[in-house]
Amino acid sequence: MVVNDSLHFKQAAQELLPHVGHKLNIIWEGGDAAQETVGVVCEDCQAVLLDFAPESATAERPDQDRVKYEGHYDVGRDVCYVEVFKPGKSPYPLQERQDIVNHSPTGIAWGYGGSGPAQCAFAILMDYFEDEERARALYQQFKFAVIARFAPNSDWTLNGRQVEHAIARIAANLQA
């Protein structure tokens with residue numbers, strides 16, 4: 001790889017330096033019919049160090065740092081719900097997407113490895129990636145890696161960067 005922009009090179013070098021001696025894993029998605037998305041994940045730190053996706057693959061993806069999912073528990077109604085924040089849009093309630101995958105007709109939940117958290121994981125990935133095939137392939141692992149770890153019936157926040165890191169870890173484990 002040749003980098004012509006010294007600023008980008010210095011920034012990449014500074015971010016990689018703390019990982020010298022760590023186990024790194026290269027992950028990719030796509031294949032013959034699609035352009036590849038390539039990343040480098042530090043297995044020791046579980047951090048995404050480099051992430052490359054061709055322009056067409058990233059055009060529809062939201063800015064990781066400006067996407068936020070906020071989980072809330074309404075004690076009075078005994079119901080969990082998630083509010084979504086994306087740039088250029090008013091905050092909106094997360095669609096639970098039982099129309100595609102129906103694990104939990106009573107709604108989403110978190111804090112354990114059951115049907116409510118599965119519904120929540122699928123709904124977040126569907127909203128974030130807007131790709132049913134990708135959401136279906138990853139939501140069960142995402143449930144265990146992220147959603148099941150939130151405290152039950154409590155508030156939480158998850159940003160796009162955290163979603164991307166969790167998916168990169170899942171993809172790296174699937175490659176291994």
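Which residues form one aromatic cluster?

1. The cluster consists of W110, F150 and W156. This is a predicted model, and the points below should be read as a description of that model. In total, the structure holds 4 aromatic pairs.

2. A pair of aromatic rings is described by the distance of the centres and the angle of the planes. For W110 and W156, the ring centres are 5.2 Å apart and the planes stand at 90°, so this pair is edge-to-face. W110 is in the loop between strand 6 (92-93) and helix 3 (115-129), while W156 belongs to strand 7 (residues 156-159), so the pair ties together parts that are 46 residues apart in sequence. W110 has a relative accessibility of 1% and counts as buried. W156 also counts as buried, at 7% relative accessibility.

3. A further edge-to-face pair is made by Y128 and F129, whose ring centres lie 4.9 Å apart with their planes at 90°. Y128 is buried at 2% relative accessibility, and F129 is buried with a relative accessible area of 11%. The ring of F129 also has a charge over it: the charged end of R134 sits 3.9 Å from the ring centre.

4. Another charge over a ring involves strand 5 (residues 79-85). K68 lies over the face of F85, at 4.9 Å from the centre of the ring. K68 also stands opposite N159 in strand 7.

5. Strand 4 (residues 68-74) pairs with two other strands named here. With strand 5 it runs antiparallel, joined by 7 bridges. One of the bridge partners in that pairing is Y81 of strand 5, which is matched with H72. Strand 4 and strand 5 make a hairpin with 4 residues between them, and D78 in the turn has a positive phi of about 50°. With strand 7, strand 4 pairs in the antiparallel sense over 4 bridges. Strand 4 is mostly covered, with 5 of its 7 residues buried.

6. E70 is a charged residue to check by eye in strand 4. Is E70 buried or exposed? Buried means under 20% relative accessible area; E70 has 17%, so E70 counts as buried. Its side chain joins that of H72 through a polar contact of 3.4 Å. Leaving aside neighbours within four places in sequence, E70 is in contact with Y81, V82, E83, F85, W156 and T157. W156 in that list is a member of the aromatic cluster described in point 1.

7. In soluble globular proteins, nonpolar side chains tend to be buried together. Here the largest nonpolar core has 33 residues, and those with the most contacts inside it are Y69 and F142. Two or more residues come from each of strand 4, strand 5, helix 3, helix 4 (132-145), strand 7 and helix 5 (160-175). Which element gives the most to this core? Helix 3 does, with 10 residues.

8. Y69 has contacts in several stretches of the sequence. Leaving aside neighbours within four places in sequence, Y69 is in contact with V82, E83, V84, K86, L94, I124, D127, Y128, W156, T157 and L158. Among them are Y128, a partner of F129 in an edge-to-face pair, and W156, the edge-to-face partner of W110.

Note on methods: Residues are numbered from 1 along each chain as its sequence is written. This is a predicted model: local features need pLDDT of at least 70, side-chain atom pairs count only at pLDDT 80 or more; totals for chains, interfaces and linings use all residues. Side-chain values use heavy atoms; hydrogens and water are left out. Rings of Phe, Tyr and Trp (its six-membered ring) pair if their centres lie within 6.5 Å; planes under 30 degrees apart count as stacked, over 60 as edge-to-face and the rest as tilted. Buried means under 20% relative accessible area, exposed over 50%, partly exposed in between (1.4 Å probe, protein chains only). A charge sits over a ring if NZ of Lys or CZ of Arg is within 6 Å of the ring centre and within 35 degrees of the ring normal. A polar contact is a pair of N or O atoms within 3.5 Å; within protein, one must be able to donate a hydrogen and the other to accept it, and residues adjacent in sequence count only if both atoms are side-chain atoms. Contact means heavy atoms within 4.5 Å. Two strands pair if DSSP finds at least two bridges between them. A nonpolar core is a set of buried Ala, Val, Leu, Ile, Met, Phe, Trp, Tyr and Cys residues joined through side-chain atoms within 4.5 Å.
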